[in-house]
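Hi,

Here is the structure I said I would pass on. Have a look at it, and then read on for my notes.

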2 protein chains.
Amino acid sequence: MTARTPDSARDIPEATVARLPVYLRALTGLAEGGTTTCSSEELAASAGVNSAKLRKDLSYLGSYGTRGVGYDVEYLRYQIAREIGVTHDWPVVIVGIGNLGHALANYSGFRSRGFRVVALLDADPSRHDEVVAGLDVRSFEDLESIVAENDVSIGVIATPAVAAQAVADRMVAAGITSILNFAPSVLSVPDGVDVRKVDLSIELQILAYHEQRKSVAPAGEVSAT
Amino acid sequence: MTARTPDSARDIPEATVARLPVYLRALTGLAEGGTTTCSSEELAASAGVNSAKLRKDLSYLGSYGTRGVGYDVEYLRYQIAREIGVTHDWPVVIVGIGNLGHALANYSGFRSRGFRVVALLDADPSRHDEVVAGLDVRSFEDLESIVAENDVSIGVIATPAVAAQAVADRMVAAGITSILNFAPSVLSVPDGVDVRKVDLSIELQILAYHEQRKSVAPAGEVSAT
DNA sequence: AGGAGTTTGTGAACGGGAGAACAAAACGGG
DNA sequence: CCCGTTTTGTTCTCCCGTTCACAAACTCCT
Ligand SMILES: NC(=O)c1ccc[n+]([C@@H]2O[C@H](COP(=O)([O-])OP(=O)(O)OC[C@H]3O[C@@H](n4cnc5c(N)ncnc54)[C@H](O)[C@@H]3O)[C@@H](O)[C@H]2O)c1
Ligand SMILES: NC(=O)c1ccc[n+]([C@@H]2O[C@H](COP(=O)([O-])OP(=O)(O)OC[C@H]3O[C@@H](n4cnc5c(N)ncnc54)[C@H](O)[C@@H]3O)[C@@H](O)[C@H]2O)c1
């Protein structure tokens, strides 16, 4: 009874948070296909997960389904979007407009999924002439003013690894509290700042590990040495 | 029953496998800095993990440290590389040479971390003239022969989401058994084929979720300071 | 040579997440 | 109005991963 939790303060398990965006995408796909209602089984199939897991995940948000019927696609989609916080766009700055930065800047998926790139920054003056995806590449020195003016809280780092920590420090000082890091380096940031990393090499190395095992131990048994 | 586990087939927990590449990178950094020996504490700090976790992870590989001393950087580096399977390069093909594909093709971190891009493929004939990072962009039709000739087992998908499943099917048919997917779509593949996905939007949405809570949640918690 | 000081490797406790299974709720048909 | 069918929401159990804590093993200094 005292356990009456205010709607906004339920805490959702991290593993569930990581899957909500997948459900959101699956629902968008269903909606575009004309589906207006779906069962947990169908949605789970679209999202590539177990249906029991899906239902449990959704139960953390509340009771948005109807027993015997299923979920209203549009309604559930909105509820998840609201829970994640992507009912309105988040302003984002990208720092490091090299190979990867260009690709990110040109990525249309940003806009359609709750984010809006407000600035592209690079330390190299020779890049400042360029216009990428309709935005000027600006000096890294402008970081603070851009963050302040646009109320930016999310930053993306696409610089070489050696520069990543310095860029992160500067972002944090400017008021950014969430960082997505593409550089292969470990960032240290104060409490209250979230960092997530995307590391291509690590993903490939994990695949390599399993690949190596496939050829060594397909089914049969083995020989040491 | 068949529970006989050969020495060489120790199975390493998935969570540990995912961290080995991080340790490898940290060790490379230490070696470049001239360090020849390090303690679990130092290495853990470089890799951004808890030292107990590091020691437990390494214990799955064997006993490569010396009590009272620590680990020989070069020796441990080699042992981890061997375990992951990156003592020799793995050939890789990239399919979909658009914004992202270009960045990947130009990424030098591939080569230095155990991978070699052997071919760039795209379905769009107008791309076939192009040379990216010293490689011709070739027709997707050449997939089978390239995979066969170079003994490729790892493929990277950087096509639009709608094409991803078809590309994956074709890769699997050609003999590829590990796929790294950048397209935001759920791939279904036969048993024995590994798929890992890298999804930028999901990472940002996870950040957005926590970001939203930061601004809403300070109530009910011991705040102050 | 022996003892003090380090640091590894691991056993054990703990917490969180995955999946199976089921009771409660809604619908429809007669 | 009642009963069978469908599908959700939740409970329970098991497993994996994290962390603590400590004995074993090695070095170095006296
Ligand atoms: N290219 C890829 O496909 C790829 C894949 C995975 C990871 N990465 C990583 O992403 C990062 C960027 O890769 P890239 O290929 O785009 O490199 P790049 O060299 O092409 O681009 C880096 C850009 O960062 C800018 N920069 C350097 N220092 C800066 C600073 N202090 N402040 C602001 N900008 C600065 C440079 O001027 C350059 O434009 C690297 O860390 C790389 O390891 C790249
Ligand atoms: N650009 C980014 O930063 C970014 C970030 C995250 C995810 N992604 C995802 O990566 C994928 C590629 O993004 P992009 O920006 O490079 O798109 P893009 O449109 O620039 O490039 C896609 C390329 O794939 C080729 N292609 C299409 N169908 C093909 C097929 N059946 N076989 C072979 N090639 C085919 C196209 O000719 C094109 O060259 C998309 O799924 C996108 O959602 C991109």
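Let me start with DNA strand D: 27 residues sit around this strand, and A:Ser40, A:Arg67, A:Tyr71, B:Arg19 and B:Arg67 come nearest. Sugar and phosphate make up 68% of the strand D atoms that come within 4 Å of the protein. Keep in mind that this is a predicted model, so all the distances below are computed from predicted coordinates.

A few polar contacts to strand D that you may want to pull up:

- The side chain of A:Tyr71 has an N or O atom 2.8 Å from a phosphate oxygen of DNA strand D.
- A:Gly68 uses a backbone N or O atom, 3.0 Å from a sugar or linking oxygen of DNA strand D.
- B:Arg67 goes to a base: an N or O atom of its side chain is 2.9 Å from a base nitrogen of DNA strand D.

Which elements build that surface? At least two residues each come from α3, β2 (65–66) and β3 (70–72) of chain A, and from α1 (14–32) and α3 of chain B. α3(B) gives the most, with 4 residues. By class, the surface near DNA strand D has 7 nonpolar, 11 polar and 9 charged residues.

Now for DNA strand C. Here 26 residues surround the strand, with A:Arg19, A:Lys56, A:Arg67, B:Ser40 and B:Tyr71 the closest. Of the strand C atoms within 4 Å of the protein, 66% belong to sugar or phosphate, and the rest to bases. The contacts I would look up:

- A polar backbone atom of B:Ser40 is 2.5 Å from a phosphate oxygen of DNA strand C.
- B:Tyr71 has a side-chain N or O atom 2.7 Å from a phosphate oxygen of DNA strand C.
- In the side chain of B:Arg67, an N or O atom is 3.0 Å from a sugar or linking oxygen of DNA strand C.

For strand C, α1 (14–32) and α3 (51–61) of chain A, plus α3 (51–59), β2 (65–66) and β3 (70–72) of chain B, each supply at least two residues. α3(A) gives the most, with 4 residues. The class split is 7 nonpolar, 10 polar and 9 charged.

Last, chain A as a whole. This chain has 9 helices and 10 strands. Its radius of gyration is 22 Å, well over the 17 Å that the globule rule gives for 225 residues, so chain A is more spread out than a compact globule. The C-alpha trace spans about 60 × 60 × 40 Å along its principal axes. Buried residues make up 45% of the 225 in chain A. The chain exposes about 11000 Å², with carbon and sulfur atoms supplying 51% of that area.

Cheers

How values were computed:
Residues are numbered from 1 along each chain as its sequence is written. Chains are lettered from A and ligands numbered from 1 in the order in which they are written. This is a predicted model: local features need pLDDT of at least 70, side-chain atom pairs count only at pLDDT 80 or more; totals for chains, interfaces and linings use all residues. Side-chain values use heavy atoms; hydrogens and water are left out. A residue is near a molecule or strand if one of its heavy atoms lies within 4 Å of it. A polar contact is a pair of N or O atoms within 3.5 Å; within protein, one must be able to donate a hydrogen and the other to accept it, and residues adjacent in sequence count only if both atoms are side-chain atoms. Ala, Val, Leu, Ile, Met, Phe, Trp, Tyr, Cys and Pro count as nonpolar, Asp, Glu, Lys and Arg as charged, and the others, Gly among them, as polar. The radius of gyration is taken over C-alpha atoms; the globule rule is 2.2 Å times the number of residues to the power 0.38. Buried means under 20% relative accessible area, exposed over 50%, partly exposed in between (1.4 Å probe, protein chains only). Accessible areas come from the Shrake-Rupley method with a 1.4 Å probe; for residues, only the protein chains shown count as cover.
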